Amino acid sequence: MLEKLFEDYSGLRKECEQLRDMIETEKRIYYPRTPRLTGLPGAHNNADISDGVIRYIEKVERYNVKMAELAVMIDLVEDAISKLDDPEERVVMRMFYIQGKTIKAIAKKEHWSISTCNRRKRNALNKLGKI
């Protein structure tokens with residue numbers, strides 16, 4: 001299961017960003033920017049405003065619950081990497097999963113061979129599978 005979380009890490013981060021954007025969109029849609037008086041042209045009646053605010057609050061609550069669930073999964077990945085005792089394995093895991101770099105890019109930056117990077121990643125995943 002942990003390996004799947006590692007593979008999904010960047011998607012989890014993107015989904016959190018999308019939820020934040022959706023909250024802002026809902027805010028613009030349902031929350032009146034300026035109070036309007038009933039009876040004036042283009043005015044909403046109080047029931048419409050109340051319904052809109054209630055819908056906004058309900059959607060934002062659902063989005064916040066989902067964001068909290070995603071945050072727990074993101075934290076699991078980051079905590080697992082920080083528990084690795086080998087600093088070179090931590091480097092490979094952070095760069096590969098969190099920063100989204102390729103093994104080739106990691107090898108070049110760290111002046112390691114590609115097979116060394118792959119071995120460190122595999123060893124780290126094996127260790128994390130036992131935690």
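## E110 and the salt bridges

In this predicted model, E110 has a relative accessible area of 24% and is therefore partly exposed. Its side chain takes part in a salt bridge with K109, in which the closest N and O atoms lie 3.9 Å apart. K109 itself, with a relative accessible area of 52%, is exposed, so this pair joins a partly exposed residue to an exposed one. Elsewhere, salt bridges that share partners bring D85, E89 and K127 together in one network. Across the whole structure, a search finds seven salt bridges.

Two further pairs involve helix α1. E17 forms a salt bridge with R20, the closest N and O atoms being 2.6 Å apart, and because these residues are three positions apart in helix α1, about one helical turn separates them. E17 is partly exposed at 42% relative accessibility, and R20 is likewise partly exposed, at 40%. In the other pair, the side chains of E15 and K66 meet in a salt bridge with an N to O distance of 3.9 Å. This pair links distant parts of the chain, since E15 belongs to helix α1 (residues 2-30) and K66 to helix α2 (residues 46-82), with their positions 51 residues apart. E15 counts as partly exposed at 29% relative accessibility, and K66 also counts as partly exposed, at 31%.

## Helix α1 alongside helix α2

The E15 and K66 salt bridge links helix α1 with helix α2, and other residues of α1 have C-alpha atoms whose distances to residues far along the chain can be stated. I23, which is placed in helix α1, is buried, with a relative accessible area of 12%. Leaving aside neighbours within four places in sequence, I23 is in contact with Y56, V60, Y63, N64 and M67. For one of these residues, Y63, the C-alpha atom is separated from that of I23 by 7.2 Å, although the two are 40 residues apart along the chain.

S10 and K27 add two more such pairs. S10, also in helix α1, is partly exposed at 40% relative accessibility, and its C-alpha atom is separated by 9.1 Å from that of I74, a residue 64 positions away along the chain. K27, again in helix α1, has a relative accessible area of 42% and is therefore partly exposed. The C-alpha atoms of K27 and I57 are 9.0 Å apart in space, while the residues are 30 apart in sequence.

## The contact of α3 with α5

Helix α3 (residues 87-98) packs against helix α5 (residues 114-130) at an angle of about 95°, and the axes of the two helices are 9 Å apart. The two helices are therefore roughly perpendicular to each other, given that angles of 65 to 115 degrees fall in that class.

From α3, the residues E88, E89, V92, M93, F96 and Y97 take part in the contact, and they meet C117, R120, K121, N123, A124, L125, K127 and L128 of α5. By character, the residues of this contact divide into eight nonpolar, one polar and five charged. E89 and K127, listed on opposite sides of the contact, are also members of the salt-bridge network that includes D85.

## The loop before α5

H111 lies in the loop between α4 (103-110) and α5. The phi angle of H111 is near 60°, which is a positive value in a residue other than glycine. At 72% relative accessibility, H111 counts as exposed, because the class begins over 50% relative accessible area.

## The protein as a whole

The protein contains five helices and zero strands, and from the N terminus on its elements run α-α-α-α-α. Among contacts with a separation of 6 or more, 62% are accounted for by residues 24 or more positions apart; the contacts of I23 with residues including Y63, at a spacing of 40 residues along the chain, provide an example.

Of the 131 residues in the protein, 28% are buried, and I23 is one of the residues in that class, at 12% relative accessible area. The protein exposes about 8,900 Å², of which carbon and sulfur atoms supply 52%.

Technical notes. Residues numbered from 1 in each chain as written. Predicted model: local features only at pLDDT ≥ 70, side-chain atom pairs only at ≥ 80, totals over all residues. Heavy atoms only, no water. Axes fitted to C-alpha atoms, helices over the stretch in contact; angles between N-to-C directions. Helix = DSSP H or I, 4+ residues; strand = E, 2+ residues; numbered from the N terminus. Parallel < 35°, antiparallel > 145°, perpendicular 65-115°, else oblique. Contact = heavy atoms within 4.5 Å. Nonpolar A, V, L, I, M, F, W, Y, C, P; charged D, E, K, R; others polar. Salt bridge = Lys/Arg side-chain N within 4 Å of Asp/Glu carboxyl O. Buried < 20%, exposed > 50% of the residue type's maximum accessible area, 1.4 Å probe, protein only. Areas by Shrake-Rupley, 256 points an atom, 1.4 Å probe, with all protein chains shown as cover.
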